Number of protein chains: 2
Amino acid sequence: MDVLRNLSVQIPPTDKPRVVIIGGGFAGVQLARNLKNKPFQVVMLDRNNYHGFQPLLYQVATAGLEPDSIAGPLRQLFADQKDFHFRMARVRRIFPKEKRIETLVGDLNYDYLVIATGSRTNFFNNEDFSTQAFPLKQVPQALDLRSNLLQNFEKSVMSDDPEMQKRLMNVVIVGGGPTGVEVAGALAELRRHILPEDYPEIDFGKMEIHLIEGQPRLLNGMSDKAGKWALEYLERFDVDVMLGKFVQKFDGQFVTLNDGTVLETNTLVWAAGVKGNLIEGLPDSSVVNSRIKVDLYNRVHGFDDIFAVGDIAHMVEGEYKNGHPMLAPVAMQQGRLLAQNLVNMSKNKPMKPFHYENRGAMATIGRNKAVVDLPGNITFGGLFAWMFWMFIHIVSIIGFRNKLVIFSNWAWNYFTYDRGTRLIIRLFLPKGKEREKFGTY
Amino acid sequence: MDVLRNLSVQIPPTDKPRVVIIGGGFAGVQLARNLKNKPFQVVMLDRNNYHGFQPLLYQVATAGLEPDSIAGPLRQLFADQKDFHFRMARVRRIFPKEKRIETLVGDLNYDYLVIATGSRTNFFNNEDFSTQAFPLKQVPQALDLRSNLLQNFEKSVMSDDPEMQKRLMNVVIVGGGPTGVEVAGALAELRRHILPEDYPEIDFGKMEIHLIEGQPRLLNGMSDKAGKWALEYLERFDVDVMLGKFVQKFDGQFVTLNDGTVLETNTLVWAAGVKGNLIEGLPDSSVVNSRIKVDLYNRVHGFDDIFAVGDIAHMVEGEYKNGHPMLAPVAMQQGRLLAQNLVNMSKNKPMKPFHYENRGAMATIGRNKAVVDLPGNITFGGLFAWMFWMFIHIVSIIGFRNKLVIFSNWAWNYFTYDRGTRLIIRLFLPKGKEREKFGTY
């Protein structure tokens, strides 16, 4: 990476104020889009060159979709936007006094800085989990999980040790939020319809899928009904849901729960929590619970030229005494409002305070079940909810091509019970000398 | 990979003779398919869990298709075939006297062994090329090349050193066979239609695409006309085709040719040659030019229970004094005939000698040009050839779902000039301690 030394974040000079957005997730993208044709120069930095639609990441992990269906290049997204500049560069530190950020490829000045860095997997400082469990927050992680699952089945066919087979086939998912529930449902679907055809040698009656949740219910952010229905659907799919339990230890083969239960598996999916993706350079007083304290205008506590939006922002508003849930709709609404407020500021008009409009929440379980909460205490489930879930996701995903690809994948999946992408692309192989043992073919 | 120690290639016992096929490429797949419902137990071993459609690999490398479009899981392919057993395992060595092979996960006995291991990139023992060039024989390699190309453009935007920009943007392709020609054409297409929209900061007039070929013509295996037309199309696309030249050195920044010419690039695509994917355990007398010597029945020289088919097989037949070209049609025809010959053997009927029926060859250049050779000295080019090329590839690819996905991708690509998969998934990052320099976001 020697080449990095000679790079710099060069942005053309401008007389318009420069808004630097760190992160091309839901919040960053909405903000940037809504600054189109406004009197600002917009610079977006991201470590990836794409915007990922995280709610569908579990589909990549369970061989339902390929990455290109749920991610779109950021440059393409903003191809028609003038004075917008994307740079694929990691950010190291903020220097608020100097209105400057330090990136991996040099420094950049800003007039307004917007931190939209989102969240990342929270392993709660447990090294067992951070080194051996599979997180599910980024596209490459989803591909890793998929490759691992399929490789384990291949190995399982070649084992005559029943204990080892168990560990290869079983999956333990930690976290009963939407990601955990959706992974469990999709795996149960695979176990029922796809895997038995691929692996006639395996008795899938023996494959256990465990879902561990510390709370006494599933889908804690949703209605009671939604939680109950999700539990019901999962149990109908033979997922072993263990509520009110915690994982204490994982050595790569055995998972130990707080009540002493030991589960055998090589595959621990970690969907138990996220935390803010903090950047260095802000005072401790601006940080609360790994998120950045903001006022109702998404201004970072103590600054009037730094903002934080989306998962990383901790705003106390209305009923949300501990900040908003880390969800795409919050991020999108904050991004949109901040764009408007920046414009207002530039016109010396007053800014509008943020109010989260909760339009509902959803989770899908398997091929044709879902639970949906709508405002006004409306909850519905089953096939209709699944169709609703599908419709909303297809509508929300960015890019017409992606909509088409996803729709045709799902239609295919629905009618044929087939999932098309069971390829082991990211093979886990030792490097260097160790590699040679693996032979030439 | 400790787990490997406890694995073994367990195949259910049978009274039918066991055919072990090493390799799930064109030859292996055709052979296995044609042994369906025949009096054999069929075992297929492959290091991957999928059959890759190699002629379209360059499309994955140039952001035209995702891997799931050109690869299908082998297990799915044979899901309906009785007494067929797939094992994802590398093979280390053959022990012909004991009718046994040694795999990474243990030994396996055979009655008939078929070596269908195909070919791999030939770097002609040059370490410069093998460590720093991008080969294009496998799906992960195609993804690596794609990620590298896109990462280079991202870096180029952040460089103010014109020399460095040159090296980041230029691409040198070595080898003027179908792969080299197709990569060059697809890159030229990207340079013209896609990249300028993604990177308005870059002057793509400065991006050079060089195609180096040692012979005085392109597409050496095809007709003179096809070679000439391909050259014409590529030059129309501003590809710098250098015929009769060889690459001598590459240090990761500069390519030196045999005539002293120095080209600046970080990206050397190596499409200059392949060699047989040999397996240890055969006597030297059975090997010629890195391929396995076979008779007209694909029997390996000196054995009557070991066969070799496809790229790895070196058969002297008719006009093919130095073996057949390493092409999919040869492999498929040999695979099919061998299935029939194995059946004949089992019935004590005579075997049929192989005769390669050359049904033509094709190469595509960019979005809507191709050259096609048909038997009877018919050569055609241009848009019609491209449509023919497209049709043949869609028809030949395995799996109805793949046909659909590819067709819709191409239709999309054709009508919108867009290519959907410009995601940098396989990011090149240093490991361990080095990684930390890259910051948390």
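The following legends describe close-up views of a predicted model.

Local features are given only where pLDDT is at least 70 and side-chain atom pairs only at pLDDT 80 or more, whereas totals for chains, interfaces and linings use all residues. Residues are numbered from 1 along each chain as its sequence is written, and chains are lettered from A and ligands numbered from 1 in the order in which they are written.

**View 1. The open sheet of strands 15, 16 and 17 in chain A.** The 3 strands follow the order 15-16-17 with antiparallel pairing (strands are DSSP runs of E with at least two residues, numbered from the N terminus; two strands pair if DSSP finds at least two bridges between them). Strand 15 (247-250) and strand 17 (262-264) of chain A are the edge strands, each pairing on one side only. On average, neighbouring strands are turned by 25° against each other, direction ignored (axes are lines fitted to C-alpha atoms, for helices over the stretch in contact, and angles between N-to-C directions run from 0 to 180 degrees). Strand 16 (residues 254-257) of chain A is joined to strand 17 of chain A by 3 bridges, and F254(A) stands opposite E264(A).

**View 2. Packing of helix 6 against helix 7 in chain A.** Helix 6 (residues 139-157) and helix 7 (residues 162-169) of chain A pack at about 165°, with axes 8 Å apart (helices are DSSP runs of H or I with at least four residues). This angle makes the two helices of chain A roughly antiparallel (a term for angles over 145 degrees). Helix 6 contributes N152(A), K155(A) and S156(A) to the contact, and helix 7 contributes Q165(A), L168(A) and M169(A) (contact requires C-beta atoms, placed from the backbone, within 7 Å). By class, these residues comprise 2 nonpolar, 3 polar and 1 charged (Ala, Val, Leu, Ile, Met, Phe, Trp, Tyr, Cys and Pro count as nonpolar, Asp, Glu, Lys and Arg as charged, and the others, Gly among them, as polar).

**View 3. The contact between chain A and chain B.** Each chain enters the contact with 60 residues. Among the elements giving two or more residues on the side of chain B are strand 5 (84-88), helix 8 (178-198) and helix 12 (400-416) of chain B. Helix 6 of chain B gives the most, with 6 residues. The side of chain B that touches chain A has 31 nonpolar, 13 polar and 16 charged residues.

**View 4. The axis relating chain B to chain A.** A turn of 180° and a shift of 0.0 Å along the axis lay chain B on chain A with an RMSD of 0.0 Å (superposition is by least squares on C-alpha atoms of residues with pLDDT of at least 70 in both copies). That is the relation of a two-fold axis. In chain B, the C-alpha nearest the axis belongs to E66(B), at 3.7 Å. The copies meet through the same surface, because 100% of the interface residues of chain B are also interface residues in chain A.

Key. Contact = placed C-beta atoms within 7 Å. Parallel < 35°, antiparallel > 145°, perpendicular 65-115°, else oblique.
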